[in-house]
Structure formats: structure tokens, C-alpha cells
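Q: Please take one part of this structure and examine it closely, residue by residue where possible. Then please set that part against the rest of the structure, so that the account reads as one connected description.

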Amino acid sequence: MRSFRLLFTLSLLLAPLTARAHEYWLAPLSYQAGAGDTVVVRAYVGTGFKGEGKPLAARRVVRLEARTTRRVDIRSLGLNGADDYARLVLPDAGGASVAFQSDFARIELPAAQFEAYLKLEGLEEPLRERVRTKTSNAPGRERYARCCRTWLHGTDVARGIEPAGLTLEVVPTADPTVLKRASFRVLLRGQPLGGALVRAWNRPLDTGGRPFAVATRDSLGPVYEGRTRADGTVTIPVERGGEWMVSCVHMEPSDVRSEADWQSLWANFTFARPARSRPR
Amino acid sequence: MTRRVLRGFALGLMSATIFVASQAHAHSQPYSWIDLVATPDSLLGEVTAHVVDVAHELGAVAPESLASASGLAVHAAAVREVFARQLDLRAEDVRLTGTIGAIAYLPEKNALRAQVAFARPHSSSLEVHGPLFVWEDTHETYVNLRASGRLEVQDLLDHTHTRATWMTGEKRDLGRVVLRFVREGIHHIFIGPDHILFILGLLLLGGSLRQLLRIVTAFTIAHSLTLVVATLGWLQPPARVIEPMIAMSIIVVGIENLLAKQRHRDWRARLAFGFGLVHGFGFASVLRELALPADALGGALVSFNVGVELGQMAIVVIAAPTLALLRRWRPAWSPGILQGGSLVVIAAGAFWLVERLLAH
């Protein structure tokens, strides 16, 4: 009950965080697509795997890449302000993935809110460092970037399990759509990141592999929460069908101290698992 | 397992609380769009804004009442005014006036889209200022500007980035640059009570015309030096250092006034020079925010400084003779004016010092 009260208090403290504390994820309009089909990928921002569409901001795109039979930089194809981040015609039945990374945006929070947010996201290293440097009462000057990827399963699993090279990335180590317990690796600049808090959300899909409308569906709590091992992996029970989002936040001292003291990277990986697949 | 479920439930509830609480004072789609096409003599395009934002600007109008053709017809004139007021297009920083045409409701975005048309003057730059709405700081405006079939500007305006600029390739009118930056310099002096008080503090002690000229010249040379150095990017101390130092300079000038008579030495010219260097960095931060035209950097810099000087001279020309007349008219008031005035200066400086230290 105590932890519940703590979480509720935290939620009230964090209520003003409208911009950054939300997850930001990519999802196709439908996770079912075959050769010749057009796949449209959009971005969403919200909490509890519920939110709103987020138009593409061309100025903030660091990477926007589609992977089908090959990797294609699609930054120049995205129109500023458009709902669609990617519109692909699948060349084969191998599936596709789309990766997106934003540049850093800045935010400054009062000390209490910043501390609460660090606790909520399990960012223990910054918390310890603020205690060590006696700056726990100082406002949190932070810059943050998004690193998202979505995967449409197909016959070529490599399109989902090979890293896209985002600064922070959550990558399945094997096909999570057929395993009962799937392993995911968190990579920071290509290297395994141990001790990072990973959360996973799951919700059913509508007919035709379409996610339910993000704005009207219910907000959910994560179905999994755990820290990565030294090799950067976590094992998540993924036997439920539906849409999955596996996410991780990493915070480190800012590269640009004149702008911010801390920089955070928000990574996630979305995919869908057929409801009737047989786990093994 | 039960604990995990409870924890999941709690996190879900927390997420929902955060989301609901955040929605209580901000709507869920804080976006707007400005899409323009530039022809040689016009700017044509569309502006799209969410009904919540338009309704907020209208005042006592429910957003739902704009979400139909009939509702929109009732408020058409007021909605046009909102678009005209919020859409801020400028040519070399001179605001353009245009016409707001047909307005339509877009159900898929729950937004209103207005056709806009502006006459386009010859200018070296066109700027879109934004975001379109500022009543919530999460608002973002997507700006696209096309010319000659090419997408020239794709930008996103928010509370940290408020201007999208298209350099048209036409030659800049230097006269207009000079006028604008002289005006900005004067404006900055008069809206900055700290600069005014610093100058007044230097004048409180009075003195000969020669003494006053020395003080003013020292201040001018010093702030001009650092203004140039900072504007050219050679040295840019952070505002959290400069702003408290400006407040400190006011306190020091006040204290100097109180001590000068006992010391029989006038250090005001030295103080004016030393702290003038600090004030120059402050002026430079203002100038940076004005987005200096790269093709007329020198002109803008000199003009801004001239504006600052004019503003400063206006204060000296009014304040110095007034204080001198007051002393001559009522010699007995002279110590009171000096001490009282200096204490006010010190108090104001101390207030700003604390305020700025706490802010940074």
C-alpha cells in the first residue's frame, strides 16, 4: 500500500510533464502486410501505450530509415507536419522495420519533479550522482532524444533482430513472435548496456492486425519491468498476442553542459505477435 | 505474481493520472500548421489550427461549436480575426498584412483550415513567427514554405524556437536594417530598468560636464567592446553569470556614491568602464535573440550600439540637468538626494541580485 501511495504521489508530482515523460513510439497502421502492400508508419506520444498522433518534425529528425530488402534513408521523403513518417511498398514477404531518431530537445524541471521523474524511470545513476555532488535540490536541466523502431514481422527475421544503429536501441535477439520468453538486448552506441530498466507493454490488436485507435483506447501499466544483465539482455515473457512495446530510458551527463546537465535517450521497439501463434 | 499485477495496475493508474492531469490544462493535439507558397509578389497558403486553440483565443466559445459548418458560420468573422492576429509573417522583420479567406472544418484533425493571402514585398528574408498559439507552452507549429516548386523551409516553431526564416536571395535594404536596429537599441535601454538605474546611479553624484563626459564615454567604450566580442561569438559568458553581475554593478555604484564624498575620489569612470564590459555582454544577449542578418552583420551591430547610445544619452540629457537644477534650487536637498537616491539604487540592485541568483 505504501508503494501504491508513493506511486500515486509521484503521479501527481509528474502531472505537469506533458512533453517528455511520455513514451514516443512508432507503429504501422496495420502489422499485417505482404509483398506489394503499402505500409504506413506513424508516431504516437502518450503514456501507458495510449496517446495521440505526433506529426513529423523534419527539423528534429536525425535518422529515419526503412529496412526491407535493403536499408533506405527516407529522411528526405517525410514531409514536415505530416502524420505519416514512412510510406513503403513492401517488395517481398520479408517484412520491414522503420527506425527513427530525433535530435535533443531541452527541458528544465524543478528539483522535486526531476527527482521524482528519475525515480519513476529507475534512473539510479543520475540520482546517486546528484546526491554525491549535493545537487539534489537543483533544478533538472536535461536534453532528451527519441530512438524508436517498429517491426512488421515477415519471412526475413533479420529485418527485425539486426540493430538499426540508433544511439540507444532495444533489439530482440531472436524472433519474439514465436518464442514464449524472448530476449531483448539494450545497446548504447552499439555496446550492451547493463543495469538498464526495461519495461514492456502489451495490448490486443484490432482486426487486420491494426492497433486500436491510440487516442481512445485505455491506458495500461507495463506487463514487464526488469533490469538488463551485464550483457545488456532481459528476458520477457511474450506469449500474449497483440501489439508489444519494449522500452528503455538511459540518462548520462550531457555532452553540451551549456545546454543541460543531463541527457536522456528514450528507446523502444514495437512489434506485433499474432494472437493464435503457438509459443514454443 | 499478485504483487506484480498490483504494481502493474498502480503504474497503469499512475500513467493515466499523469495523462489526465496533463490534459486538464492542455489539449491533446497542441499542433498547428502553416503551409505557404511564395510567388514573386504574393504569399498564398493555408493555416490549420485545432478548434481548441481557436476557441481559446475567441474566449467564451466552446470548441465543439466550431466543429460544424453552421457553428463556424456563426463565428466566422471572429475566427478570421483570430487567424489574422495569430499568423505573424514578416519581411525583414516588418509584419505583413494579408487577408484570411475561406475557412473550413477538418473533421479528421478536429481543426479549422483557413486560406490566406499576403502581398509580398521585395525583401531579402521572409520570416514566419510562432508558434501560432502561446497559451500552452507545449504548442508546436509546423511551417512549410515553397517557392519556385521547391520546398524552401521546413521548420517547427515552439516556445524555444520562434522564427522560421527564408533567405529569398534578394538584396537587403541596408537603410531598413539600420533603422530597425537603432530602434531595437533604444527600445532595449528603455525597457531595461537595470541599465537605466545603473546610468542614473552614476549621475547621482553630479559633477562637471567633463566628469560626466568621462563617465559616459568610459561606459560606451566598454559596453561597445564586449557587445562586439560577444556578438561575433568570441566570448559569450552565460546569462546566469552576467545577469547577477549587472545587478551587482548597480549595488556597487550606489555604495560608491555614498563613499565618494568621504574618500574625496571619484571612481565612477573606472566603475563605468569595468561594469560597462558586463553590461555589453547583456546587450549582446538581446542582440542575439533578434537574429542578426548574416549579410548585414556589421550594419546591424553598429546600428544597435548607436541605438543603445541614443537611449543612454536621452537619459543623461534629461537626468543630469534635472539633478543639477534641483541641487542649485534647493542646495540643502543635495545630500538627501544623493543618499536617498543611492539607497534606492542599492535596494533595487540587491533585489535583482537575489532574484537573478535564485532564477539561475
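A: The part chosen is a strand pair in chain A: strand β1 (residues 23-28) and strand β2 (residues 38-47) run antiparallel and are joined by six bridges. The model is a predicted one. Within this pair, Pro28(A) has Val41(A) of β2(A) as its bridge partner.

How many of the six residues of β1(A) are buried? Six of the six are, so the strand is largely enclosed by the rest of the structure. The two faces of β1(A) can be listed separately: Glu23(A), Trp25(A) and Ala27(A) point one way, while Tyr24(A), Leu26(A) and Pro28(A) point the other way. The residues on both faces are buried.

The loop between β2(A) and β3 (50-53) of chain A holds Phe49(A). The backbone of Phe49(A) has a positive phi, near 60°, although the residue is not glycine. Most residues other than glycine have a negative phi, and most peptide bonds are trans. Phe49(A) is buried, because 30 other C-beta atoms lie within 10 Å and 20 or more suffice for that class.

A second residue of chain A, Lys134(A), also has a positive phi, of about 55°, and is not a glycine. Lys134(A) belongs to the loop between α3 (124-132) and β9 (140-152) of chain A. Is this residue buried or exposed? Lys134(A) is exposed, because it has 8 other C-beta atoms within 10 Å and the limit for that class is 12 or fewer.

The strand pair belongs to a chain with four helices and 17 strands. Chain A has 280 residues, of which 48% count as buried. Among its contacts with a separation of 6 or more, 71% are between residues 24 or more positions apart.

Chain B can be set beside it. Its secondary structure comprises eleven helices and ten strands. Of the 360 residues in chain B, 36% are buried. For contacts between residues at least 6 apart in sequence, 74% join residues at least 24 apart.

Antiparallel pairing is found in chain B as well, where four strands form an open sheet in the order β4-β3-β7-β10. The edges of that sheet are β4 (94-95) and β10 (163-167) of chain B, each of which pairs on one side only. Inside the sheet, β3 (residues 88-91) and β7 (residues 125-129) of chain B run antiparallel and are joined by four bridges. One pair of bridge partners is Asp88(B) and His129(B), the latter in β7(B). The loop between β7 and β8 (140-147) of chain B contains Pro131(B). The peptide bond leading from Gly130(B) to Pro131(B) is cis, with omega near 10°.

The helices of chain B offer a further comparison. Helix α7 (residues 209-231) of chain B has 23 residues, which at 1.5 Å a residue should span 33 Å; the end C-alpha atoms are 32 Å apart, in agreement. Its buried residues are Ile215(B), Val216(B), Ala218(B), Phe219(B), His223(B), Thr226(B), Leu227(B), Ala230(B) and Thr231(B). An α-helix has 3.6 residues a turn, so residues three or four places apart point the same way. The cover over the buried residues of α7(B) includes α6 (193-203), α9 (268-289) and α10 (297-329) of chain B. Just after α7(B), Gly233(B) adopts a positive phi of about 80°.

Of the covering helices, α9(B) has 22 residues, for which 32 Å is expected at 1.5 Å a residue; its end C-alpha atoms are 31 Å apart, which agrees. This helix nevertheless has a kink of about 35°, centred on Gly276(B).

Finally, helix α5 (residues 174-191) of chain B contains Ile186(B). Ile186(B) counts as partly exposed because it has 19 C-beta neighbours inside 10 Å. Beyond its neighbours within four places in sequence, Ile186(B) is in contact with Gly307(B), Leu310(B) and Gly311(B). The C-alpha atom of Ile186(B) also lies 8.0 Å from that of Gln312(B), a residue 126 residues apart along the chain.

Technical notes
Residues numbered from 1 in each chain as written. Chains lettered and ligands numbered in written order. Predicted model: local features only at pLDDT ≥ 70, side-chain atom pairs only at ≥ 80, totals over all residues. Pairing = 2+ DSSP bridges. Contact = placed C-beta atoms within 7 Å. Expected span 1.5 Å × (residues − 1). Bend = angle between axes of the 7 residues up to and from the residue.
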